[in-house]
Amino acid sequence: MNDIRDDVRRGFVALYGYEPSGLWSAPGRVNLIGEHTDYNGGFVLPFAINRRTVVALALRDDRLARVASSFADEVVEVELSELAPENLDGWSAYPLGVAWALSEHGADLSAVSGFDMFIESSVPVGAGLSSSAAVESATAIALNDVWRLRLDRPVLAAVGQRAENTAVGAPTGIMDQSASLLGKQDSAVFLDCRSLESQVIDLGFEEAGLAILIIDTRISHDHATGGYAERRASCELGARMLGVGSLRDLSVDDLPRARETLDDVTFRRVRHVVTENQRVLDAVGELREGGPAGIGDLLDASHRSMRDDFEISTRELDLAVETAVLNGAIGARMTGGGFGGSALALIRREDLSRLQVAIDGAFAEHGFGQPDTFVVTAAQGASRES
Ligand code: ADP
Ligand code: MG
């Protein structure tokens with residue numbers, strides 16, 4: 001963390017020739033359980049991770065906004081009064097989209113000061129750890145401070161989502177920004193995607209000696225935009241045919257009726273969402289009453305549901321999960337939208353290195369490319385660093 005803070009300050013000074021007035025950071029996130037439930041008005045349980053994006057920023061005397069990042073070889077400049085979703089694109093649409101989205105919550109873009117910003121990050125891009133929400137959330141808390149907007153964190157999460165939906169053009173939910181802004185150390189964020197109410201849930205991993213290992217298959221989920229849209233459409237069809245506004249309105253008791261009413265594919269899509277919502281509720285119950293080791297079976301069941309009913313897993317993700325469970329994991333599942341990306345395993349710390357070796361071996365044996373494996377801990381959400 002110290003390293004990135006030094007790097008971002010140095011990057012800012014090298015580029016703009018003066019010191020930033022402050023540093024703000026926000027983490028990436030992992031979704032512990034609750035997949036493809038967000039757009040069905042359901043439950044998710046992500047946590048903020050110990051990989052962060054840091055922005056260095058200073059206000060200017062004029063109304064020019066300049067943004068730069070170690071991720072890209074360019075400085076993007078725009079007059080704040082000309083900020084609009086249609087003239088934003090590429091990576092700078094994330095930070096500048098947030099500046100624009102704040103204008104819907106009290107930032108008068110014809111009156112606020114311009115700024116210089118430099119971005120540095122340790123959140124891997126495209127690994128399913130939401131580097132995008134980390135950039136948005138760090139930018140949102142920074143501009144909220146220097147523009148003195150006094151917006152609360154749920155509003156800043158909505159601002160990040162608005163930027164991503166409208167300025168970037170990605171139809172994502174609010175889970176990632178909520179985790180990045182509301183996360184606490186060794187805790188998860190239990191989010192109701194319909195009411196947007198959230199609760200911080202103690203994970204207790206530290207005391208129990210447990211860790212989360214991420215197995216990044218390095219297969220990009222980009223190729224799969226069609227699959228994502230298709231799953232959303234199946235969920236909407238299922239809800240319509242069953243006469244409910246969203247699949248959130250169904251419980252496991254409705255599944256026999258769903259089986260009679262729906263074709264097999266739509267039924268299995270619906271069953272995933274309905275049972276996954278219940279698994280999130282059960283996981284929260286276990287964490288509150290039984291302790292973290294009790295969620296292992298729920299993680300395993302979640303994976304099977306995504307593999308067999310929602311059909312969004314891959315051979316690599318299945319192998320990662322099977323290998324994890326065979327090598328001491330308490331539970332394991334693919335995490336994120338599917339069709340690639342990462343799996344997570346909940347495992348005792350002393351079993352970590354054995355599992356990492358086993359994963360590498362299994363992938364080699366199957367002729368798959370080597371995955372990237374690393375431990376994440378549940379960390380504090382977005383914060384001012386200096
Ligand atoms: P992820 O799963 O990592 O969120 P996305 O495709 O949603 O993947 O977002 C990745 C995009 O976010 C990058 O292509 C880039 O445009 C932007 N981004 C992420 N990190 C940075 C960064 N440090 N600096 C600038 N832009 C970034
Ligand atoms: Mg993203």
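**Two domains, one helix and several salt bridges**

Good morning. Phe339 is found in the loop between β9 (331-335) and β10, and I shall begin there. Please keep in mind that what we have before us is a predicted model.

What is the sign of phi in Phe339? Phi of Phe339 is near 60 degrees, a positive value in a residue other than glycine. This deserves a remark, because most residues other than glycine have a negative phi. As to its surroundings, Phe339 is partly exposed, with a relative accessible area of 22%.

A second residue of this kind is Arg218, which also is not a glycine and has a positive phi of about 65 degrees. Arg218 lies in the loop between β8 and α7. With a relative accessible area of 56%, Arg218 is exposed. Its neighbour in the chain, Thr217, is found in the loop between β8 and α7 (225-241) as well. Is Thr217 buried or exposed? Thr217 is buried, at a relative accessible area of 4%. Leaving aside residues up to four places away in sequence, Thr217 touches Glu316, Leu317, Gly340, Gly341, Phe363 and Pro371.

One of those contacts, Phe363, takes us to helix α12. This helix covers residues 352-365, 14 residues in total. From its first C-alpha to its last it reaches 20 Å, close to the 20 Å expected at 1.5 Å a residue. Which residues of α12 are buried? They are Leu352, Leu355, Ile359, Ala362 and Phe363. Looking down the axis of α12, one finds these buried residues within an arc of 95 degrees, so they line one face of the helix. The general background is that an α-helix has 3.6 residues a turn, so residues three or four places apart point the same way.

The face of α12 turned away from the buried side carries the exposed residues Ser353, Val357 and Glu365. The buried residues, for their part, are covered by elements including β8 (210-216), α11 (315-326), β10 (342-348) and β11 (372-376). Just after α12 comes Gly367, with a positive phi of about 70 degrees.

Let us now step back to the whole protein. It is divided into domain 1 (2-201) and domain 2 (203-376). Taken over C-alpha atoms, the centres of the two domains are 27 Å apart. How many residues are in contact between the domains? In domain 1 there are 34 such residues, in contact with 44 residues of domain 2. About 3300 Å² of area is buried between the domains, and carbon and sulfur atoms give 61% of that area. Three salt bridges are found across the interface of domain 1 and domain 2.

This brings me to salt bridges in general. Side chains of opposite charge can pair when their charged atoms come close. In the whole structure, a search finds 23 salt bridges.

I shall describe a few of them. Arg194 forms a salt bridge with Asp249, and the closest N and O atoms are 2.6 Å apart. This pair links distant parts of the chain, 55 residues apart: Arg194 is in the loop between β6 (187-192) and β7 (198-202), and Asp249 is in the loop between α7 and α8 (255-261). Arg194 counts as partly exposed, at 46% relative accessibility, and Asp249 counts as partly exposed at 39%.

Next, the side chains of Asp309 and Arg271 meet in a salt bridge of 2.7 Å, N to O. Asp309 lies in helix α10 (residues 296-309) and Arg271 in helix α9, so the pair ties together parts that are 38 residues apart in sequence. Asp309 counts as buried at 9% relative accessibility, while Arg271 is partly exposed at 24%.

Helix α9 (residues 264-289) also holds Phe267. Phe267 is buried, with a relative accessible area of 4%. Residues up to four places away in sequence not being counted, Phe267 touches Leu255, Ala258, Arg259 and Leu262.

By helix α12, the side chains of Arg354 and Asp351 meet in a salt bridge at 3.9 Å, N to O. Arg354 counts as partly exposed, at 44%, and Asp351 is buried, at 15%. Elsewhere, salt bridges that share partners join Glu35, Glu276, Arg279 and Arg333 into one network. Within it, Arg333 forms a salt bridge with Glu35, the closest N and O atoms being 2.6 Å apart.

Thank you for your attention.

Notes
Residues are numbered from 1 along each chain as its sequence is written. Chains are lettered from A and ligands numbered from 1 in the order in which they are written. This is a predicted model: local features need pLDDT of at least 70, side-chain atom pairs count only at pLDDT 80 or more; totals for chains, interfaces and linings use all residues. Side-chain values use heavy atoms; hydrogens and water are left out. Helices (H or I, at least four residues) and strands (E, at least two) are DSSP runs, numbered from the N terminus. The expected span of a helix is 1.5 Å times one less than its number of residues. Buried means under 20% relative accessible area, exposed over 50%, partly exposed in between (1.4 Å probe, protein chains only). The arc is that of the directions from the helix axis to the C-beta atoms. Contact means heavy atoms within 4.5 Å. Domain bounds come from an automatic or database domain assignment. Buried area is the accessible area (1.4 Å probe) that two parts lose on being put together, summed over both. A salt bridge is a side-chain nitrogen of Lys or Arg within 4 Å of a carboxyl oxygen of Asp or Glu.
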